[in-house]
Amino acid sequence: MPTNRTQKDTPQETADYLLKKHGQHEAYAVALQGAVDAQDSGDNYRLSVWREVKYLLKQGGSSSEEPVADTGQ
């Protein structure tokens with residue numbers, strides 16, 4: 001029987017994923033757009049999650065042991 005994941009990704013997991021997929025600069029741009037979309041739709045929960053993701057990205061973001069290189073993208 002497949003397991004249902006009831007817990008959503010944490011802001012840290014989201015920040016790590018965005019860093020790996022997009023690099024530092026683009027990851028922040030994606031998080032910023034997520035926050036704008038959440039604000040436009042009036043979704044305060046999503047807005048708070050994206051704010052935390054943006055904060056983590058500004059702080060360096062990744063909790064993985066290997067540093068993520070800034071590719072300038």
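User: Quick one to start: is Gln 12 buried, partly exposed or exposed?

Analyst: Gln 12 comes out as partly exposed, because its relative accessible area is 25% and buried means under 20%. Keep in mind that this is a predicted model.

User: OK. Where does Gln 12 lie, and how far is its C-alpha from that of Lys 54?

Analyst: Gln 12 lies in helix 1. Its C-alpha and the one of Lys 54 are separated by 10.0 Å, with their positions 42 residues apart along the chain.

User: Next door, then. What about Glu 13, buried or exposed or partly exposed?

Analyst: Glu 13 has 37% relative accessibility, so it counts as partly exposed. This residue lies in helix 1 too.

User: What does the side chain of Glu 13 reach?

Analyst: The backbone nitrogen of Thr 10, at 2.9 Å. As for the other helix, the C-alpha atoms of Glu 13 and Val 53 are 8.9 Å apart in space, and the two residues are 40 apart in sequence.

User: And why does Thr 14 count as buried?

Analyst: Because its relative accessibility is 16%, and the cut-off for buried is under 20%. Thr 14 has its place in helix 1 as well.

User: Which residues is Thr 14 in contact with, leaving aside neighbours within four places?

Analyst: Asp 9, Trp 50 and Val 53. For Trp 50, the C-alpha to C-alpha distance from Thr 14 is 9.0 Å, with 36 residues of separation in sequence.

User: Trp 50 again. What does Gly 34 touch, not counting residues up to four places away?

Analyst: Gly 34 touches Arg 46 and Trp 50. The C-alpha atoms of Gly 34 and Trp 50 are separated by 6.3 Å, the residues being 16 apart along the chain. Gly 34 is in helix 1, and it counts as buried because its relative accessibility is 9%.

User: Let's switch to helix 2. How many residues has it, and how far does it reach?

Analyst: Helix 2 covers residues 44–58, which is 15 residues, and it reaches 21 Å from first C-alpha to last. That is close to the 21 Å expected at 1.5 Å a residue.

User: What caps its N-terminal end?

Analyst: Asp 43 does: one of its side-chain oxygens lies 3.3 Å from the backbone nitrogen of Tyr 45. After helix 2 comes Gly 60, with a positive phi near 120°.

User: Which residues of helix 2 are buried?

Analyst: Leu 47, Val 49, Trp 50, Val 53, Lys 54, Leu 56 and Leu 57. There's a lysine, Lys 54, in that buried set. What covers these residues includes helix 1, residues 11–41.

User: So how do the helices pack? What are the angle and the axis distance for helix 1 and helix 2?

Analyst: The angle is about 145°, and the axes are 8 Å apart. In that contact, the residues divide into 16 nonpolar, 6 polar and 5 charged.

User: Left-handed or right-handed crossing?

Analyst: Left-handed, for helix 1 passing helix 2.

User: Zooming out: how many helices and strands does the chain have?

Analyst: The protein chain has 2 helices and 0 strands.

User: And what percentage of residues count as buried?

Analyst: 26% of the 73 residues.

User: Last thing. For contacts with a separation of 6 or more, what share comes from residues 24 or more positions apart?

Analyst: Those pairs account for 64% of such contacts in the protein chain. One contact with that kind of spacing is Thr 14 with Trp 50, which are 36 residues apart in sequence.

Note on methods: Residues are numbered from 1 along each chain as its sequence is written. This is a predicted model: local features need pLDDT of at least 70, side-chain atom pairs count only at pLDDT 80 or more; totals for chains, interfaces and linings use all residues. Side-chain values use heavy atoms; hydrogens and water are left out. Helices (H or I, at least four residues) and strands (E, at least two) are DSSP runs, numbered from the N terminus. The expected span of a helix is 1.5 Å times one less than its number of residues. Buried means under 20% relative accessible area, exposed over 50%, partly exposed in between (1.4 Å probe, protein chains only). Contact means heavy atoms within 4.5 Å. A polar contact is a pair of N or O atoms within 3.5 Å; within protein, one must be able to donate a hydrogen and the other to accept it, and residues adjacent in sequence count only if both atoms are side-chain atoms. Axes are lines fitted to C-alpha atoms, for helices over the stretch in contact, and angles run from 0 to 180 degrees between N-to-C directions. A crossing is left-handed if the near helix is turned anticlockwise from the far one by less than a right angle, and right-handed if clockwise. Ala, Val, Leu, Ile, Met, Phe, Trp, Tyr, Cys and Pro count as nonpolar, Asp, Glu, Lys and Arg as charged, and the others, Gly among them, as polar.
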